[in-house]
Amino acid sequence: SAASDVYKRQLVDKYLDKRESEIIILRYGLYNQSPLTQREVAQKLNISRSYVSRIEKKALLTLKAHMN
């Protein structure tokens with residue numbers, strides 16, 4: 001829903017740093033984008049897939065902590 005998209009964007013903007021938010025936005029297709037794989041995100045940002053994985057995991061933990 002539109003309301004839940006706004007809520008997700010607010011969480012991302014408020015609690016994640018620039019790199020984390022960039023990765024989450026690309027991975028999960030926020031802002032009306034198509035979701036990308038970790039490999040696609042890595043290629044787009046010119047970083048390793050394992051680095052994408054680590055940053056994504058950390059960002060999701062941060063978001064989860066703030067959703068309760």
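**Helix H4 and its surroundings**

In this predicted model, helix H4 has a buried set made up of Val-52, Ile-55, Glu-56, Ala-59 and Leu-63. Looking down the axis of H4, these buried residues fit within an arc of 105 degrees, so they line one face of the helix. That ties in with a general point: an α-helix has 3.6 residues a turn, so residues three or four places apart point the same way. Turned away from the buried side of H4 is a face with the exposed residues Arg-54, Lys-57, Leu-61, Lys-64 and Ala-65. As for its build, H4 runs over residues 49-67, 19 residues in total, and it reaches 27 Å from first C-alpha to last, close to the 27 Å expected.

So what covers the buried residues of H4? The cover includes helix H1 (2-15), helix H2 (18-28) and helix H3 (38-45). Take H1: its axis and that of H4 come within 10 Å and cross at roughly 115 degrees, and H1 and H4 are therefore roughly perpendicular to each other. The crossing of H1 past H4 is right-handed. On the H1 side, the contact is made by Tyr-7, Leu-11, Val-12 and Tyr-15, while H4 brings in Thr-62, Leu-63, His-66 and Met-67. Leu-63 is also one of the buried residues of H4.

The loops deserve a look too. Most residues other than glycine have a negative phi. Asn-32, in the loop between H2 and H3, has a positive phi, near 60 degrees, and is exposed, with a relative accessible area of 75%. Asn-46 sits in the loop between H3 and H4; its phi is positive at about 60 degrees although it is not a glycine, and Asn-46 is exposed at a relative accessible area of 72%.

Conventions: Residues numbered from 1 in each chain as written. Predicted model: local features only at pLDDT ≥ 70, side-chain atom pairs only at ≥ 80, totals over all residues. Heavy atoms only, no water. Helix = DSSP H or I, 4+ residues; strand = E, 2+ residues; numbered from the N terminus. Expected span 1.5 Å × (residues − 1). Buried < 20%, exposed > 50% of the residue type's maximum accessible area, 1.4 Å probe, protein only. Arc of directions from axis to C-beta. Contact = heavy atoms within 4.5 Å. Axes fitted to C-alpha atoms, helices over the stretch in contact; angles between N-to-C directions. Parallel < 35°, antiparallel > 145°, perpendicular 65-115°, else oblique. Left-handed = near helix turned anticlockwise from the far one by under 90°.
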